[in-house]
Structure formats: structure tokens, C-alpha cells
Amino acid sequence: MTDSEAVPQLFSLEKPTSPVIYVDDEPSLSSMFDELNRGSGPIAADAERASGFRYSQRAYLVQLKQIDGPIYLLDPAAFDFDQNLFKPLSVERPFIFHAGSQDLPCLRELGLNPIEIFDTELGSRLAGVERVGLAAVCALFLEISLAKEHSAVDWSTRPLHEDWLTYAALDVEILHDLWQKVSAELESQSKSEIAKQEFAQVLRQPTKTPKIERWRSTSGAHLIKDKRQLAVLRELWQSREELAQKLDVSPGRLIPDTSIVWAATNKVSSRSELAHSKGFHGRASRTYIDLWWSAVERGYASKDLPELRLKAEGIPNHRTWEKRFPLAHQRLLVGKAVVDEVAAQLKFAPEHALTPDTLRRVVFEFETDMTMDDFRNRLIELSARPWQIEALAEVLFTALQSVATD
């Protein structure tokens, strides 16, 4: 099924048809868990964060629904974001998510650790759907028009607006129907086992390790060619980060990256000059001017000047292979062709057949004396799923061998 097929007239779903229960005290919480634990079948789940407004990635609202039950809107803030909040809930049943990889980290912070999921977004991708946002797949599979106008609001606001709660409730209202449709589509394409393994991989995916020297990710930092300026940028970024964490505010809402880069690349001689500079702006640029000026001074005085570029770790950037590692470059071209062909046969994007990073690693590390078992084991080490190994390992190994012996 593709989203290029003609879509009939859509039904506009503006309010949930199921009862909606707001959970913000111990009696309603206990009642919710009792009801959910008595039920059967998968539980539809979603979470709303305050990304772009808060420093944390906490869930400020959690939506839960059984197939024939009410919609529960749980307010974790009412329970001080208790890390054991979900301890009373049995997780033996599957959970249905749309883009579960986004919601699982904040739900795990509250003690919810599903052991099985169905992800309607990822399932749609595997089914060959190009536009996989919730509104798009609802239109495609359910012929429903789902409003998404509140997706970027500040969910840490209290009390929550009534129309926001309606929007949040609709996100789980349709998940059981969507699960059934996407499941049927995957089954019709003989991809149910592929999807099962991919969903399991989402659960196994470890939390990303923070980058070393995260300040280097400041927009525009890569253009700076002076170590002293980088030191100023580093100190400003770190001060902003610490203040943002303390206030639980998104860092960019204090001062934007452009202000940090401006202060780092324009020699400022005094606190007053910084305060009156048009290039240094932001909601907290004047309120915390002493903090920012102290950071600038530390950067100017620092004896610990950062290197202009971090030393690369892991395999070299593949963009340099054509000149520096021509044999690896040839293998990569051949390997991409193999992955593209398998993905075309399965009618989904190549990155689902094998991630670009995994492909680059096995290509760069390929040795002419490597055995097929060695190759399979390396794919396993790189978290390739059994279905990927079955579909790709032999043909990819043979293709890479042919380049190595040409």
C-alpha cells in the first residue's frame, strides 16, 4: 500500500468517542491501574513532552487506552514525576505506539518498561508508506482527518487547555484501529516477522551516549577558526547549559546559538558593551548579563584552549574514501547497490534493509581472508536483525569479495 493511491473523502475526527478520564490524584491513579490490569489485549500509549520549552525531556502527559476502555490522560507532574509511577501496571501485554522510540525514554523515567510493542509509524515505513506522520497514516489507513494543530504547544503549562486535552486523547483513540490496519497490511506483504524483529530492536536500542564536548554542536561553531574564540564559545555554552538545567528551560530560550557565536567572534571589552550589543540578544541576555560576561572573561583568560577539531573516532568519514581508501569506496558502492536492490524487492527505504552506518562499518572492516561466518558474526555485533542477515549476508559478502579480488 502506498500513500500515492487516491484517498477518498476523509471523515473529520474532532472529539474522542470514548470517555476521557483525567488522572491527577491517587484515587484516580489506583482506579486506572485496576482497570488496565483487568483488561486484555494491547494498550495504546502516547506521551507529550515540552520540547523547545523545557530543558528536560519529561513526559508532561501520558495517554493510555484499552481497545474497549476509556482514554486515560495521566498527569505525571501531579505525582512529582515519580520514577515508580507505573510500577503497579503489568507490562506483560503489548503496547501500541506511533513513533515509540520518541516516547519510550520519557516513559521509562516513570517506570514504564514495555516488553513488547507495535509501532504504527515504523510499521507504516516497513509497509512502504512514504508519509508516516500520524495524521498522514490516519488518512491513508483509516480515511480519517486528524487535527494536529497542538503538536508544538508547551505541555508543561498548568492547567492544560481543554482543546489540548482533546488533541491528546485523539492520539490514542485511533491507535487500536490503526494497529489493526497496519498489521493487516504487513501481513499481506509477508512482513509481519520483519516488523516483529524491528519493533524488538526499538526496545533494545540503548540510550544515546551524550557527545563529547557537546558545545561543538552550537550552530555556526564549525566556522570558527580561532582557539581563543572557541574557548569563549565553550564557556558561554556551558554557562547557558547549567542555567537552563537549573531553570528547566530549553537553552535556546535563554540566548540563541547566534548570540553565543557572536560573543565568541566579536571581541567585547566590557560587561556594558556586551549588554548593549545588538548581536547579543535573547530573553535572558540582559537578565543574566553578569553570568554571560563572566563566561566571556573565562574564555579570554583560559589556558585550556580547545583544539579546532576533535580527533575522529571510529572509521574515517566515508566522504574521504574515494581518495584515501579507494578499495573501500568501491566496496561501498557495490554494497549500496546490494542493499538498494534488497530494499526495492521489499518495497521500503534502503535504511530499513541495513542502516548506512552498519553498511559502512562492514565495508570498511572487510578483509579478503574473512569467512562467511566472520561476516555474519560482525553483522550480529552491529545489531543486524536475523531477517536482515538472512536477506543480505550471503549476497553482500559475495559482492564485497568480488571487489577485493578484482
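User: Happy to dig into this one with you. Which residue forms a salt bridge with Arg158?

Analyst: This is a predicted model, and a salt bridge here needs a side-chain nitrogen of Lys or Arg within 4 Å of a carboxyl oxygen of Asp or Glu. For Arg158, the closest N and O atoms of the pair are 2.7 Å apart. The partner is Asp75.

User: How many residues apart are Arg158 and Asp75?

Analyst: The pair links distant parts of the chain. Arg158 sits in the loop between E8 and H5, while Asp75 belongs to the loop between strand E5 (71-74) and strand E6 (95-97). The separation is 83 residues.

User: Is Asp75 buried or exposed?

Analyst: Buried means under 20% relative accessible area. Asp75 has a relative accessible area of 6%, whereas its partner Arg158, at 32%, counts as partly exposed. Asp75 is therefore buried.

User: Nice. What is the distance from Asp154 to Arg54, the nearest side chain of opposite charge?

Analyst: Asp154 is found in the loop between strand E8 (144-146) and helix H5 (162-173). Asp154 is buried yet has no salt bridge. Its side chain does make a polar contact with the side chain of Ser156, at 2.5 Å. Arg54 is away from Asp154 by 4.8 Å.

User: Which helices hold Asp290 and Arg271?

Analyst: The two side chains meet in a salt bridge, 2.5 Å from N to O. Because Asp290 and Arg271 lie in separate helices, the pair ties together parts that are 19 residues apart in sequence. Asp290 is in helix H11 (residues 289-301) and Arg271 in helix H10 (residues 271-275).

User: What is the relative accessible area of Glu213?

Analyst: Glu213 and Arg216 meet through their side chains in a salt bridge of 2.5 Å, N to O. Glu213 counts as partly exposed. Its relative accessible area is 33%.

User: Which residues are linked in a network of salt bridges?

Analyst: By the rule used here, the salt bridges number 16. One network of such bridges links four names: Arg234, Glu235, Arg298 and Asp304.

User: One last thing: which residues form the negative surface patch?

Analyst: Patches are made of residues with over 30% relative accessible area and no salt bridge. Glu26, found in helix H1 (residues 26-38), is exposed with a relative accessible area of 54%. Glu26 is one of the patch members. The full set is Asp24, Asp25, Glu26, Asp80 and Asp82.

Definitions and conventions. Residues are numbered from 1 along each chain as its sequence is written. This is a predicted model: local features need pLDDT of at least 70, side-chain atom pairs count only at pLDDT 80 or more; totals for chains, interfaces and linings use all residues. Side-chain values use heavy atoms; hydrogens and water are left out. Patches are made of residues with over 30% relative accessible area and no salt bridge: like charges are joined within 9 Å, nonpolar side chains (Val, Leu, Ile, Met, Phe, Trp, Tyr) within 5 Å. Accessible areas come from the Shrake-Rupley method with a 1.4 Å probe; for residues, only the protein chains shown count as cover. Lys and Arg count as positive and Asp and Glu as negative; His and the chain ends are not counted. The place of a charge is taken as NZ of Lys, CZ of Arg, CG of Asp or CD of Glu. Helices (H or I, at least four residues) and strands (E, at least two) are DSSP runs, numbered from the N terminus. Buried means under 20% relative accessible area, exposed over 50%, partly exposed in between (1.4 Å probe, protein chains only). A polar contact is a pair of N or O atoms within 3.5 Å; within protein, one must be able to donate a hydrogen and the other to accept it, and residues adjacent in sequence count only if both atoms are side-chain atoms.
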